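Here is a short report on one protein chain. It starts with the whole chain and ends with a single residue.

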Amino acid sequence: MGEHLAAAAIISAGYRCNIVNSQGYDILMFDDKDVYRVEVKSATKPKGHTKHHKNYKPYSYYVSRGSRSKRLISSNDADIVALVANDIKSVMFLPVKSIKVARVRKKPEDFGDETESLELALEAVRNDRLE
């Protein structure tokens with residue numbers, strides 16, 4: 001379900017894409033000039049809490065690679081990560097280079113304009129490619 005929600009958000013933003021389920025990424029996204037690899041991570045609903053914040057119930061996404069020895073996802077794997085909140089059918093896009101921890105937590109209210117988050121992620125990836 002997550003791949004389809006992410007693909008729908010990409011298409012709604014005016015881009016083309018294919019769900020490919022390749023090693024390291026799930027979607028290939030196209031603009032007029034480039035191809036972008038999108039890794040999709042889904043969470044069914046927010047759950048749990050931290051010991052310091054009893055009312056904090058985030059979605060939790062593991063953005064790492066490997067079955068036994070885990071390593072943080074890198075730009076060798078994908079360009080963009082799509083964090084999908086299945087219960088509210090919302091997607092947040094982040095450039096892979098902005099991810100610094102293996103487990104990303106997001107509150108439901110962190111999800112907003114999908115097109116805006118995709119455009120911001122794309123801008124970061126394009127800037128990295130120019131360097």
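How far apart are the mean positions of the positive and negative charges of the chain? They lie 11 Å apart, with 22 positive and 18 negative charges counted. Keep in mind that this is a predicted model.

**The whole chain**

The chain has two helices and nine strands. Their order is simple to read. From the N terminus, the run is α-β-β-β-β-β-β-β-β-β-α. So a helix opens the series of elements, the strands follow, and a helix closes it.

The radius of gyration of the chain is 14 Å. A compact globule of 131 residues would come near 14 Å, so the two values agree. Other values for the chain are set out here.

| Property | Value |
|---|---|
| Box filled by the C-alpha atoms, along the principal axes | roughly 45 × 35 × 25 Å |
| Exposed area of the chain | about 7,800 Å² |
| Part of that area from carbon and sulfur atoms | 48% |
| Buried part of the 131 residues | 42% |

Contacts also link distant parts of the sequence. Take those between residues at least 6 apart in sequence: 51% of them join residues at least 24 apart.

**A look at E39**

E39 sits in strand 3, which covers residues 35-43. Is E39 buried or exposed? Its relative accessibility is 5%, so E39 counts as buried, because the cut-off for buried is under 20%.

The side chain of E39 makes a polar contact with the side chain of K41, at 3.3 Å. Beyond four places away in sequence, E39 touches several residues, including G24, Y25, D26, R65 and I73. A78, I80, V81 and A82 are also among the residues it touches.

Definitions and conventions:
Residues are numbered from 1 along each chain as its sequence is written. This is a predicted model: local features need pLDDT of at least 70, side-chain atom pairs count only at pLDDT 80 or more; totals for chains, interfaces and linings use all residues. Side-chain values use heavy atoms; hydrogens and water are left out. Helices (H or I, at least four residues) and strands (E, at least two) are DSSP runs, numbered from the N terminus. Buried means under 20% relative accessible area, exposed over 50%, partly exposed in between (1.4 Å probe, protein chains only). A polar contact is a pair of N or O atoms within 3.5 Å; within protein, one must be able to donate a hydrogen and the other to accept it, and residues adjacent in sequence count only if both atoms are side-chain atoms. Contact means heavy atoms within 4.5 Å. The radius of gyration is taken over C-alpha atoms; the globule rule is 2.2 Å times the number of residues to the power 0.38. Accessible areas come from the Shrake-Rupley method with a 1.4 Å probe; for residues, only the protein chains shown count as cover. Lys and Arg count as positive and Asp and Glu as negative; His and the chain ends are not counted. The place of a charge is taken as NZ of Lys, CZ of Arg, CG of Asp or CD of Glu.
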